[in-house]
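Biologist: Please take a close look at one part of this model for me. I would like the pocket side of things laid out, and then whatever connects to it.

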Amino acid sequence: MGDSAYSFSLTTFSPSGKLVQIEYALNAVASGSTSLGVKAKNGVVIATEKKLPTCLIDETSMQKVVKLTDNIAVVYSGMGPDFRVLCRKGRKSAQAYYRIYRETIPVGMLTRELAAVMQEFTQRGGVRPFGISLLVAGFDFNGPQLFQVDPSGSYFAWKASAIGKHMVNAKTFLEKRYNDELELEDAVHTALLTLKEGFEGAMDHNNIEVGIVGADKTFKVLTPAEIKDYLGEVE
């Protein structure tokens with residue numbers, strides 16, 4: 001019997017040691033729109049494609065870069081409704097931490113909380129894994145940080161990473177362009193160039209979303225006008 005015989009059970013390992021439903025969840029991520037993050041010396045930038053299925057949708061109602069605290073934000077590739085659930089849980093964890101310690105939650109700890117929720121949904125019957133990967137960006141007492149969390153619940157810190165449809169090409173592009181001395185402005189340019197590399201159609205300030213956090217520890221989602229200025233600089 002091959003792995004396909006085990007593909008409908010989340011809690012049963014296949015003979016080759018895989019949980020096949022988690023691999024299917026990664027396929028859902030890989031079919032989502034591309035998102036990426038780049039860590040600079042003095043900040044982090046996350047960016048994503050924001051393509052709407054039809055021009056009739058009000059674009060202001062769709063947000064893919066979401067703040068969890070003043071200094072931490074997340075972006076996703078995969079299934080949007082799953083993302084909302086994790087955002088809510090992340091914000092609850094951040095507020096619970098603040099209520100006890102009276103300081104903002106460290107980026108690594110919030111990432112671990114989100115990863116724990118995702119891992120929990122791989123170990124119980126009657127649930128399915130989250131069909132998303134997350135990029136968590138923030139700035140705390142450890143400096144700028146970028147984490148990637150996958151549907152299995154595994155997470156790693158990255159200097160630069162990409163998830164979604166064109167992640168392989170995007171990572172290859174980032175490997176060539178990245179260096180440890182990048183400033184935040186250069187990181188924004190690198191992120192835009194990387195998105196542009198695999199973008200289907202014309203990329204403009206309305207169909208991408210960019211967020212940055214710098215040494216002021218305040219995460220900011222760039223306005224379309226600001227994105228337009230950055231796009232003018234890289235062209």
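Modeller: Helix H2, residues 80-101, gives the most to the lining of the second largest pocket, with 6 residues. The model is a predicted one. About 180 Å³ of space lies in this second largest pocket. Its lining consists of Gln 63, Val 66, Tyr 76, Gly 80, Pro 81, Phe 83, Arg 84, Cys 87 and Arg 91. By class, that lining holds 5 nonpolar, 2 polar and 2 charged residues.

Strand S3 covers 66-69. The sheet that holds S3 is open and has 5 strands, in the order S3-S4-S5-S6-S7, with antiparallel pairing. S3 and S7 (155-157) stand at the edges with a single partner strand each, so one side of each has no neighbour in the sheet. From one strand to the next, the twist averages 25 degrees. Further in, S5 (residues 132-140) and S6 (residues 143-149) run antiparallel and are joined by 7 bridges. One bridge pairs Val 136 with Phe 147 in S6.

Now the largest pocket. It holds about 230 Å³ of space. Its lining has 14 residues, and Lys 50, Glu 59, Glu 209, Leu 222 and Pro 224 lie nearest the centre. Strand S9 (208-214) and H6 are the elements that give two or more residues to this lining. The class split is 6 nonpolar, 5 polar and 3 charged.

S9 leads to another sheet. This one is open too, with 5 strands in the order S8-S1-S2-S9-S10 and antiparallel pairing. S8 (160-163) and S10 (219-221) are its edge strands; each has a single partner, so one side of each is left without a neighbour in the sheet. Neighbouring strands here are turned by 10 degrees against each other on average, direction ignored. S1 (residues 35-40) pairs with S2 (residues 43-49) in the antiparallel sense, over 6 bridges. Lys 39 stands opposite Val 44 in S2.

A helix covers part of this sheet. H5 lies across S1, S2 and S9, and runs at about 20 degrees to S2. H5 (residues 184-197) also packs on H6 (residues 224-234). The angle is about 80 degrees and the axes are 10 Å apart. The two helices are therefore roughly perpendicular to each other. On the H5 side, the contact uses Glu 185, Val 188, His 189, Leu 192 and Leu 193. On the H6 side, Tyr 230, Leu 231, Glu 233 and Val 234 meet them. By class, this contact has 6 nonpolar, 1 polar and 2 charged residues.

That leaves enclosed space. Rolling a probe the size of a water molecule over the atoms shows where empty space is left. Searching the whole structure finds 1 cavity of 30 Å³ or more. The largest cavity has a volume of about 50 Å³. Thr 34, Glu 49, His 166, Asn 169, Ala 170, Thr 194, Leu 195, Glu 197 and Gly 198 line this cavity. H4 (167-177) and H5 each supply at least two of the lining residues. H5 gives the most, with 3. By class, the cavity lining has 2 nonpolar, 5 polar and 2 charged residues.

To tie this up: H5 lies across S1, S2 and S9, meets H6, and gives the most to the lining of the largest cavity. H6, in turn, also contributes to the lining of the largest pocket.

Note on methods
Residues are numbered from 1 along each chain as its sequence is written. This is a predicted model: local features need pLDDT of at least 70, side-chain atom pairs count only at pLDDT 80 or more; totals for chains, interfaces and linings use all residues. Side-chain values use heavy atoms; hydrogens and water are left out. Axes are lines fitted to C-alpha atoms, for helices over the stretch in contact, and angles run from 0 to 180 degrees between N-to-C directions. Helices (H or I, at least four residues) and strands (E, at least two) are DSSP runs, numbered from the N terminus. Angles under 35 degrees count as roughly parallel, over 145 as roughly antiparallel, 65 to 115 as roughly perpendicular and the rest as oblique. Contact means heavy atoms within 4.5 Å. Ala, Val, Leu, Ile, Met, Phe, Trp, Tyr, Cys and Pro count as nonpolar, Asp, Glu, Lys and Arg as charged, and the others, Gly among them, as polar. On a 1 Å grid over the protein atoms alone, a cavity is a set of points where a 1.4 Å probe fits but cannot get out, and a pocket is an open set with protein on both sides within 12 Å along at least five of seven lines; lining residues have an atom within 4 Å of a point. Grid points are joined across faces, edges and corners, and a volume is the space filled by probe spheres set on the points. Two strands pair if DSSP finds at least two bridges between them.
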